[in-house]
Amino acid sequence: MDADTGRATAGRTTGEAPGGVSGGVSAGGEDHQRLLEEAMAAALALPARGRSADYIPALACADPGAFGMALATVDGGLYGVGEWRRPFSIQSVSKLFTLALALAEGGDSLWQRVGREPSGNPFNSLVQLESEQGIPRNPFINAGALVATDRLLELTGDAAGAVRDFLRAESGNPDITTDDSVAASEARHGHRNAALAHFIASYGNLRNPVDSVLAHYYAHCAISASCADLALVGRFLARHGLRADGSRLLTRSEAKRVNAVLLTCGTYDAAGDFAYRVGLPGKSGVGGGILTVIPGRGALCVWSPGLDRAGNSVLGVAALDALTTATGWSIF
Ligand code: DON
């Protein structure tokens with residue numbers, strides 16, 4: 001790896017990617033690196049930093065100004081800037097993998113137990129669950145992710161282990177694991193998630209004991225991984241469902257659907273603004289990570305722990321906004 005640029009692999013992209021995103025810059029390796037550097041500079045020039053997530057005490061001390069960003073292209077290029085190799089708590093970014101694995105293992109029946117509409121409410125809100133009979137609006141708010149975790153637990157016997165193993169396989173990093181101190185911190189302060197889980201269970205929409213579902217949910221949220229790791233993992237959605245080894249996790253149609261739910265629900269009640277500014281399917285987490293998919297081209301992961309009111313990284317969204325505006329990389 002080049003210590004100065006942080007580049008791990010020379011880019012090999014020569015133009016429009018397969019299955020392409022039309023318009024904008026057709027970047028080669030040097031361009032990819034430069035584009036990331038410019039996006040980072042644009043974000044760091046902003047005065048706003050947001051606040052790290054203090055409702056999970058183990059995350060509260062993170063520096064809101066820390067920053068990393070990585071791009072993994074479908075043809076094997078990997079580029080990064082800032083602290084792109086530093087592991088952070090992936091939190092709700094894990095919900096994307098829980099959903100994909102639950103669909104891959106168990107098919108469409110999941111959609112009888114969770115919707116796919118934006119909620120327009122904060123990610124940890126309880127208000128819709130009663131009027132909607134314990135069927136969460138979508139799999140990315142906490143309520144919906146608890147149902148997806150329950151489904152994956154039902155299908156595999158180890159939901160958090162399935163997510164961890166998937167991340168290890170796709171990133172090639174065998175060290176990815178749950179940070180037990182973060183999981184324990186969240187469990188100790190998890191009254192809201194426990195309330196959601198019990199409420200869902202009261203409607204018969206959990207198949208496993210509430211405590212097991214919560215333990216697996218906290219364990220997959222508390223996985224630590226870097227921007228480089230997550231960008232490499234996110235490629236399966238850029239490759240329309242194909243895993244790193246060429247095997248298929250999701251059908252092309254399923255991958256399209258997961259990307260659609262990411263776009264409409266992946267950043268919660270800020271999904272409209274995220275689509276407006278960034279124009280890519282993406283999943284955020286309160287650890288400050290955002291993983292976005294550029295279909296046919298690659299996956300981008302940005303990390304900066306300062307959050308806005310919706311729980312999305314302030315500098316992360318700003319960097320993605322700058323990059324997609326400069327390149328035209330967007331699904332629109
Ligand atoms: O359940 C929670 O509150 C956290 N484990 C995850 C929330 C989260 O990351 C929301 N995303 N921005």
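Biologist: What makes the pair formed by Tyr268 and a nitrogen atom of the ligand a polar contact?

Modeller: In this predicted model, a polar side-chain atom of Tyr268 lies 3.1 Å from a nitrogen atom of the ligand, and because the cut-off for such a pair of N or O atoms is 3.5 Å, the pair qualifies as a polar contact.

Biologist: Which other polar atoms lie by the ligand, and at what distance?

Modeller: Tyr55 places a polar side-chain atom 2.5 Å from an oxygen atom of the ligand, while a polar backbone atom of Gly311 is 3.0 Å from a nitrogen atom of the ligand; both values are within 3.5 Å, so these pairs are polar contacts as well.

Biologist: How many residues surround the ligand, and which are the closest?

Modeller: The ligand is surrounded by 14 residues, of which Tyr55, Gln91, Ser92, Glu186 and Tyr217 are the closest.

Biologist: Where do the two domains run along the chain, and how far apart are their C-alpha centres?

Modeller: The domain assignment gives domain 1 as 10-91 + 223-327 and domain 2 as 94-221, with C-alpha centres 21 Å apart. The contact between them takes 37 residues from domain 1 and 43 residues from domain 2.

Biologist: How much area do the domains bury between them, and which residues of domain 1 lose the most?

Modeller: Domain 1 and domain 2 bury about 3,200 Å², with 69% of it on carbon and sulfur atoms. On the side of domain 1, Gln91, Ile223 and Tyr268 lose the most area to domain 2, together 21% of what that side buries.

Biologist: Why is the pair of Arg243 and Glu170 called a salt bridge?

Modeller: The closest N and O atoms of Arg243 and Glu170 are 2.7 Å apart, and because the cut-off is 4 Å between a side-chain nitrogen of Arg and a carboxyl oxygen of Glu, the pair counts as a salt bridge. Between domain 1 and domain 2 the count is 2 salt bridges.

Methods: Residues numbered from 1 in each chain as written. Predicted model: local features only at pLDDT ≥ 70, side-chain atom pairs only at ≥ 80, totals over all residues. Heavy atoms only, no water. Domains from an automatic or database assignment. Contact = heavy atoms within 4.5 Å. Buried area = accessible area lost by both parts, 1.4 Å probe. Near = heavy atom within 4 Å. Polar contact = N/O pair within 3.5 Å; in protein donor to acceptor, adjacent residues only side chain to side chain.
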